[in-house]
Structures are given as structure tokens and as C-alpha cells.
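Here are a few exercises to work through with the model open beside you. Try each one before you read its solution.

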Amino acid sequence: MKIQGKMFIWLSAFLLVVAVVYGVWSKEPAGTTALFLAFGLSIMVGFYLGFTARRVDVGPQDNKEADVADDAGEVGFFSPHSWQPLGLGLGAAVAFLAVAVGWWLMYFAAPLILLSLWGWVFEYYRGENRTQ
């Protein structure tokens, strides 16, 4: 994590220089604001990675002598299948359509979003996936 933290810190320094130069030369507020926001985001990520690297053990990515196989192993648990994101996406699509067509469509979007979100949160508390 130390390497990634340093990379983001260097990226944030570069973005700060680019934002200042772009702001002075172009005098365009939208692009300058976007570059300063990108600087802020990269400095936050870099600080988090650097701060976390001090608290955890050295990983294989920080060891110059490490092989690719040193980083092998279980990454985490990933859901093999779920229909809930489809319902959530459809609900979000209807909600965004409500902005363009009419706010009355929110009456159809809100229950679809809430039901899909409820189903996604409690997916592993019932049914065949209960034991996972």
C-alpha cells in the first residue's frame, strides 16, 4: 500500500500544478474547479493509503523480491448471482425518466427501488443462499 499511496500523492501534486496553470491560462472556472476537485480526491486517496499502510503488515506489492504467487489467496466473498441489481437499475432508470417525463413516474420508481434495495440487503437471510 505504500507504493500506491506514494503514487496518489505524486498524482495529486501533478494535478495541483496542472490546476493552477490551467486556471491562470484559461480563466475558465468549470475546468479549473474539476482539476482542483481531482486534486482533492487524489490527495484523500493517497493520504488514506499511506495512513493505512502504516497500520497493516507489509504486503507482497511492497516487497521488491516478491513473486506474483505471493499475492494469491482468497480475496473475499462475492455473490455468485443476484437479480436485485437489475431491479435497482430499472427503478433508477424510471426515476431518471421521471425527471424528464413527469414526476408522477416516481410513484412507480420509488417502490421498485425500495423493494430491490430491501431484497439486496437481506438476500442472504432467506432462501437457498441463507447458509452462505
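**Exercise 1.** What does the accessible surface of the protein come to, and what percentage of it belongs to carbon and sulfur atoms?

*Solution.* Keep in mind that this is a predicted model. The accessible surface comes to about 10,500 Å². Carbon and sulfur atoms account for 71% of that surface.

**Exercise 2.** Work out how the chain is built and how its overall dimensions turn out.

*Solution.* Start with the secondary structure: there are four helices and zero strands, which reads as α-α-α-α along the sequence. Next, look at the spread. The C-alpha trace spans about 50 × 50 × 20 Å along its principal axes. Now set the protein against a compact globule of 132 residues: such a globule would have a radius of gyration near 14 Å, but the protein has 23 Å. Then check the burial: 19% of the 132 residues are buried, where buried means under 20% relative accessible area. Last, take the contacts with a separation of 6 or more: 59% of them join residues 24 or more positions apart.

**Exercise 3.** Which residues make the nonpolar surface patch of about 680 Å², and which helix gives the largest share?

*Solution.* First, list the members: Leu-16, Val-17, Val-20, Val-21, Val-24, Trp-25 and Phe-36. Second, sort them by helix. Helix 1, residues 2-26, supplies the largest share with six residues, while Phe-36 lies in helix 2, residues 29-55. Third, see how open Phe-36 is. Its relative accessibility is 35%; partly exposed covers the range between 20% and 50%, so Phe-36 counts as partly exposed.

**Exercise 4.** How many aromatic pairs are there? Find a stacked one and describe where it sits.

*Solution.* Rings pair if their centres lie within 6.5 Å, and the count by this rule comes to four aromatic pairs. One of them is Phe-47 with Phe-51, at 5.9 Å centre to centre and 20 degrees between the planes. Planes under 30 degrees apart count as stacked, so this pair is stacked. Both residues lie in helix 2, four residues apart, about one turn of the helix.

Now compare their exposure. Phe-47 has a relative accessible area of 56%, so it is exposed. Phe-51, at 32%, counts as partly exposed.

**Exercise 5.** Which aromatic cluster does Trp-118 belong to?

*Solution.* Look for its partners: Trp-118 forms one aromatic cluster with Phe-122 and Tyr-125.

How values were computed
Residues numbered from 1 in each chain as written. Predicted model: local features only at pLDDT ≥ 70, side-chain atom pairs only at ≥ 80, totals over all residues. Heavy atoms only, no water. Patch = residues over 30% accessible without salt bridge, like charges linked within 9 Å, V, L, I, M, F, W, Y side chains within 5 Å. Areas by Shrake-Rupley, 256 points an atom, 1.4 Å probe, with all protein chains shown as cover. Salt bridge = Lys/Arg side-chain N within 4 Å of Asp/Glu carboxyl O. Helix = DSSP H or I, 4+ residues; strand = E, 2+ residues; numbered from the N terminus. Buried < 20%, exposed > 50% of the residue type's maximum accessible area, 1.4 Å probe, protein only. Phe/Tyr/Trp six-rings, centres within 6.5 Å; stacked < 30°, edge-to-face > 60°. Rg over C-alpha atoms; globule rule 2.2 N^0.38 Å. Contact = heavy atoms within 4.5 Å.
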